[in-house]
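Work through the exercises below with the structure in view. Try each task before you read its solution.

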Amino acid sequence: MTTIRAAITQTTWTGDKESMLDKHEQFARDAAADGAQIICFQELFYGPYFGITQDAKYYRYAEPADGPIVQRFAALAKELNMVMILPIYEEDGTGIYYNTAVVVDADGTILGSYRKHHIPHLDKFWEKFYFRPGNLGYPVFDTAVGRVGVYICYDRHFPEGWRELGLNGAEIVFNPNATKPGLSNRLWEIEQPAAAVANQYYVLAPNRVGLEDNEYGDDAVFFYGTSQVVDPQGNYVGALGSSEHEEVLIRDLDLDLIQTVRDNWQFYRDRRPDSYTAVVKP
């Protein structure tokens with residue numbers, strides 16, 4: 001049996017970037033001490049969720065995908081022998097910004113990036129002010145623990161990307177989030193299990209937790225945490241994360257279950273891409 005130990009984290013904004021970086025470094029160290037071999041942080045992990053407002057000052061949180069923050073955590077990945085998924089605010093040239101997750105292998109090698117494709121522009125999710133749509137496709141990375149893909153927050157509402165990741169060979173897909181109460185509550189309960197079972201891989205979805213009123217005052221929203229790990233049969237692996245408090249969730253993933261489920265259902269055999277036309281039209 002091939003079993004790996006994976007970790008996802010949830011926390012709220014401390015009020016400054018440096019303490020957020022230190023906090024997430026400690027999360028990684030704690031997870032490694034508990035045997036975790038791979039870890040993913042929440043969306044835009046070292047800052048506030050600045051989509052609450054439209055303010056150019058938050059552009060200063062952006063840095064290159066091989067910048068100081070990624071280099072710091074790549075060194076940590078090598079030290080801990082741990083694969084890391086780092087959801088950052090990426091600057092790809094002056095004024096060109098993406099919502100990005102950088103994947104770092106356990107030896108500290110930067111394997112590449114995923115850029116969020118689907119960009120919302122809704123009340124308190126003013127993301128088109130901050131991000132261009134992703135343009136790197138749906139890459140799957142060969143890591144020390146298996147084939148890993150990433151889909152980011154609002155992406156999860158679009159089944160096409162989940163399927164692309166499966167077709168590209170993903171065994172584990174991380175979906176880092178900043179999700180709040182409202183329209184999304186019921187979707188949060190069903191979308192990750194639906195994606196996992198439809199595509200027959202593991203889905204791990206960290207979500208922010210708590211109130212970021214230290215940044216936004218009365219405009220702040222309460223992120224509801226409840227981070228989740230879902231197996232290829234659509235079942236939760238262990239309990240959901242706390243709805244109120246920061247937490248590191250560590251779960252064992254039996255990768256052999258992927259083959260078992262695919263043998264049982266054969267969704268990839270029975271799909272009919274020759275008959276699908278409307279889904280790829282603009």
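**Exercise 1.** Leave aside the neighbours of F50 within four places in sequence, and find which residues F50 is in contact with.

*Solution.* Contact means heavy atoms within 4.5 Å. With that cut-off, F50 touches L44, Y58, Y61, Y89, Y130, F131 and Y216.

Two notes on the values. This is a predicted model, in which local features need pLDDT of at least 70 and side-chain atom pairs count only at pLDDT 80 or more, while totals for chains, interfaces and linings use all residues. Residues are numbered from 1 along each chain as its sequence is written, and side-chain values use heavy atoms, with hydrogens and water left out.

**Exercise 2.** Place F50 in the largest nonpolar core, and say which elements supply this core.

*Solution.* Start with the terms. A nonpolar core is a set of buried Ala, Val, Leu, Ile, Met, Phe, Trp, Tyr and Cys residues joined through side-chain atoms within 4.5 Å. Buried means under 20% relative accessible area, exposed over 50%, partly exposed in between (1.4 Å probe, protein chains only). Helices (H or I, at least four residues) and strands (E, at least two) are DSSP runs, numbered from the N terminus.

Next, the members. The largest core has 46 residues, and F50 is one of those that touch the most other members, along with F45, Y46, F73, M84, L86 and Y89. Then the elements: α1, α2 (68-80), β3 and β4 each give two or more residues. Helix α2 gives the most, with seven. Apart from this core lies another, of 41 residues, including I8, Y114, I172 and V261.

**Exercise 3.** Trace the open sheet of six strands and name its edges.

*Solution.* Two strands pair if DSSP finds at least two bridges between them. The order is β5-β4-β3-β2-β1-β15, with mixed pairing. The edges are β5 (110-115) and β15 (247-254); each has a single partner strand, so one side of each lacks a neighbour in the sheet. Neighbouring strands are turned by 25° against each other on average, direction ignored.

Axes are lines fitted to C-alpha atoms, for helices over the stretch in contact, and angles run from 0 to 180 degrees between N-to-C directions. Helix α1 (residues 17-33) packs on this sheet, touching β1 (3-10), β2 (38-40), β3 and β15. Its direction makes about 155° with that of β1.

Now check the pairs. Strands β3 (residues 83-91) and β4 (residues 97-104) run antiparallel, joined by eight bridges. M84 has V104 of β4 as its bridge partner. Strands β4 and β5 are also antiparallel, with five bridges. There, V103 is matched by G112 in β5. Five residues separate β4 and β5 in a hairpin, and G108 in the turn has a positive phi of about 90°.

**Exercise 4.** Compare the expected and actual span of helix α4, then find its kink.

*Solution.* The expected span is 1.5 Å times one less than the number of residues. For the 15 residues of α4 (residues 185-199) this gives 21 Å; the end C-alpha atoms are 22 Å apart, which agrees.

The bend at a residue is the angle between axes fitted to the seven residues ending there and the seven starting there. A kink of about 25° lies at E191, shortly before the proline P193. Both E191 and P193 are buried, as are W188, Q192, A195, A196 and N199. Just after the helix, Q200 takes a positive phi of about 60°.
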